[in-house]
Each structure stands twice: as structure tokens, then as C-alpha cells.
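These are my notebook entries from a session with one protein model. I wrote them so that a first-year student can follow along.

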Amino acid sequence: MLREQEHGALVIGDISGYTGLLVASELDHAQDVLRDLTRVLVDGLRGQLRLAKLEGDAAFCYAIGDRFDGSTMLDTLESAYGAFRRRLDAIERATTCDCNACVLIPRLDLKFVAHHGAFVRERLYGTEELTGTDVIVVHRLLKNTVASTAYAFLTDVFVAACGVDPGAIGLQAHRESYDDVGEVRGWVHDLHAWLERDRDRRRVRVTERTTFEQIEGDLRVPASVAWTMLTEPSHRARLIPGVERIDEAPIDGRRGIGTRNHCVHGDGASLEEVLDWRPFEYFTFDQRIPGVVHYVSTTELTPTPEGTHVTIRIQRPRSAKERAALEAAAPAFLPLYAAAISAMEAAAARSSELPVGA
């Protein structure tokens, strides 16, 4: 029975080079590799996107909605690619096997195609299927002329739904033409180049050794959902007691290192700057309440069998003056962190308050 038409993001993560590996190597070993890498891919997309089905060496995912947080959506694709590459590297380092499958593993790579449009979800033979013209379009995009093995090809309508300026964030214009669906315009994000930049970035992280105070909690949601709740301004403003709104000034149109936030609460305000940004793993803020206190904090997300463990570490200042100011201000602002985690726990129990795709 057909269901009502819906709109949303349609994303396919496709493992490049797997067909060649399968043809040239042992079936059972190649299948083990595919199963492992597919799990890493699906886990990387889970939370922001829902798995529609596995299609051989690809994962077809979707999220219901007309608008998405572009920074988080791009972080999701980049983070999934980074996890995929780390797993490939780990497999290569750990294996001593010289079979064709293990020799060819380093040649594998990952690409994404992403579209936005209408579709219908219906039950066919006991499973859910997505149908519609836009479902056909996103699958056609897997056959394209992009000159790379690691990329995200994002259609114009997907980029518009994410609300980002593609030129400002370094995406390259691209178009494809198909006999049945016509011309499709979009933008290409080079994931090889992104990975090299990410590896070169300096890490800024509050460690246990330098911690002044630590606040923790457990959430029954994936790390990517917890990340959105902790970083997307509209979600954050609902979690922190007394905060009316958070005005965000991202760098080059995307949330990340250098982004500045202005948190408005009553007659006062606090200022934040992102010092480090490792999506779904941790982020570090330089935080100031003008005339009151200045400190650095790192928020870490650790996956658990039930969801995500959140750890917030407040760094111990080096100077005696800043330590005294932090100690004086701590009783007023530290309870806000605990209250925010409690609010996240409550929101996690009410699915209507979770980010799209959870």
C-alpha cells in the first residue's frame, strides 16, 4: 500500500573499487572486507541519516525534512569518510596475508552522492522501499564524470536544503546529463583534499591532567545526534538555562575552527571561539564572560553500547589571577553544564526534540 509522499535528503555512500577487488580475489575474504567497511560507513552516517537499504557495496540513506543544518550534514559525510580511511589503514597495517584481496584493499575508496527531493516509503515483501523520480536521480548520479575516487557530489537542491554557500566553502561546480533524468547540476567536495587538511590540523584538547572541573553524562542517542544537540545554535539555546539565543558567526559559511558564538542570556552575554573541531569526537571552545571569567573547555563524545557518553572538561588556567577568577565564578556557571546534560537526557527520551535524522 502506498504511503504519503515525503521530502528529504537522499544520500548514497559507495565503496569505489570493490567490484575489481571482488573479481580479482577470493570471494570469502573480499566479502569479509566489504562487511567490515560497510559497517564503518553505516555507523558513520547513522544518526543524521537513516539506512534505507544496503545495495551491494553501497549504503542508501535518507533523512526526512525540507531543511537541514548544512554544517552538520557536511561534517557527517567528512567524518564518515575519515572513519572509512582510518579503517582501511588499520586493515592494511594489521594484515600479513598476501592474498589478492589484502593486496588490493588499499585501492578501495569512498564516494558520496546526495540529492534532495520527493519520495514515497512503502512496504514491499516485508521491507521498506523508497520510490520516486528523485530516488532514480540519486542512483543515476553514481555513474558520473567526477575525476576523483573520493568525493561528495551534492546536487543544487541538496545544497539549497542545507542552506550553505557552496562557493564560500570551497566546493566546485559540476554538472551531469542523463538520457532519462536530464541535466543535474551540483557541487563536488574533494574528500582527499579535505582529509589531508584534517590530518595537518593542530589538536587543541583539554586533558585529564589539565582539568579544573569535569562534568559527565550518558545519552541514549548516537554521537552524531549528541553532537548536533551540543553544537547547533537553536538546539544549544534550548538546553542551557537562561540562554535566549546563540548568534553564530561561522568561518567561510561553515561551523568549525574560528567560528565565534555570542550567547545572549538576559542582560548579559558570553563569547565563544572554536579552537578545535573534530566532528562527533570532540570540540574545544575558548569561552569568555566579559569582566568575569575566561577559560577553555573540551567536550568529548564517546560511543557506548547504549548511545554516547559526554565528558566536558574545564581547563585549569595557568595564571593565578585567572585561576582565582574561575574559582569565584564556578559556582554560578558550572551548574549550567550539568543542567544542559540533564536537558539532553530528557530530550533524548522525547524523540520529537531530537535533530532531524535521529
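**Entry 1: aromatic rings**

I began with the aromatic side chains, and I found that Trp227, Trp277, Phe280, Phe283 and Phe285 form one aromatic cluster. A reminder to myself: this is a predicted model. I then looked up the total, and the structure holds eight aromatic pairs. One of them is made by tryptophan 227 and phenylalanine 283, an edge-to-face pair with 5.4 Å centre to centre and 85° between the planes. Tryptophan 227 belongs to helix H8 and phenylalanine 283 to strand E13 (residues 282-289), so the pair ties together parts that are 56 residues apart in sequence. I checked both for cover, and tryptophan 227 and phenylalanine 283 are both buried.

Next I looked at phenylalanine 333 and tyrosine 337. Their ring centres are 6.3 Å apart and their planes lie at 70°, so this pair is edge-to-face. Both residues sit in helix H10 (residues 320-348), four residues apart, which is about one turn of the helix. My textbook reminder fits here: an α-helix has 3.6 residues a turn, so residues three or four places apart point the same way. Phenylalanine 333 is buried, with a relative accessible area of 6%. Tyrosine 337 is buried too, at 15%.

**Entry 2: helix H8**

Tryptophan 227 made me curious about its helix. How many of the residues of H8 (residues 223-231) are buried? I found nine of nine, so I noted H8 as mostly covered. The buried residues of H8 include Ala223, Val225, Trp227, Met229 and Leu230. Ser224 and Thr228 are also among them.

**Entry 3: the sheet**

Then I turned to the strands. I found an open sheet of seven strands in the order E9-E15-E14-E13-E12-E11-E10, with antiparallel pairing. Why is one side of E9 and of strand E10 (245-249) left without a neighbour in the sheet? They stand at the edges and each has a single partner strand, so there is no neighbour on the other side. I also noted the twist, which averages 20° from one strand to the next.

Zooming in, I saw that E10 and strand E11 (residues 260-265) pair in the antiparallel sense over five bridges. Here aspartate 247 stands opposite histidine 262 in E11. Helix H10 packs on the sheet, where it touches E9, E13, strand E14 (293-303) and strand E15 (308-315). The direction of H10 makes about 5° with that of E9.

**Entry 4: a hairpin**

I looked up another pair of strands, E7 (residues 172-178) and E8 (residues 182-190), which pair in the antiparallel sense over seven bridges. E7 and E8 form a hairpin with three residues between them. Across the hairpin, alanine 173 stands opposite tryptophan 187 in E8.

**Entry 5: salt bridges**

On to charges: the structure holds 31 salt bridges. I picked a few to follow. The side chains of aspartate 36 and arginine 87 meet in one, at 2.7 Å from N to O. Aspartate 36 is in helix H2 (residues 27-45) and arginine 87 in helix H3 (residues 70-94), so the pair ties together parts that are 51 residues apart in sequence. Aspartate 36 counts as buried at 16% relative accessibility, whereas arginine 87 is partly exposed at 31%.

My second choice was arginine 199 with aspartate 89, a salt bridge of 3.4 Å, N to O. Arginine 199 lies in helix H7 (residues 191-200) and aspartate 89 in helix H3, so this pair ties together parts that are 110 residues apart in sequence.

The third was arginine 201 with aspartate 276, at 3.8 Å. Arginine 201 is in the loop between H7 and strand E9 (211-219) and aspartate 276 is in strand E12 (residues 268-278), 75 residues apart. Arginine 201 is partly exposed at 27%, while aspartate 276 is buried at 0% relative accessibility. I also noted a network: salt bridges that share partners join Arg203, Arg205, Glu208, Glu281, Glu300 and Arg313.

**Entry 6: an aspartate without a partner**

Last, I looked up aspartate 134 in helix H5 (residues 133-140). Which side chain of opposite charge is nearest to aspartate 134? Arginine 140 is, but at 12 Å away, and aspartate 134 is buried yet has no salt bridge. Leaving aside neighbours within four places in sequence, I found aspartate 134 in contact with Leu10, His115, His116, Gly117 and Ala118.

Note on methods
Residues numbered from 1 in each chain as written. Predicted model: local features only at pLDDT ≥ 70, side-chain atom pairs only at ≥ 80, totals over all residues. Heavy atoms only, no water. Pairing = 2+ DSSP bridges. Helix = DSSP H or I, 4+ residues; strand = E, 2+ residues; numbered from the N terminus. Buried < 20%, exposed > 50% of the residue type's maximum accessible area, 1.4 Å probe, protein only. Salt bridge = Lys/Arg side-chain N within 4 Å of Asp/Glu carboxyl O. Lys, Arg positive; Asp, Glu negative; His and termini not counted. Contact = heavy atoms within 4.5 Å. Phe/Tyr/Trp six-rings, centres within 6.5 Å; stacked < 30°, edge-to-face > 60°. Axes fitted to C-alpha atoms, helices over the stretch in contact; angles between N-to-C directions.
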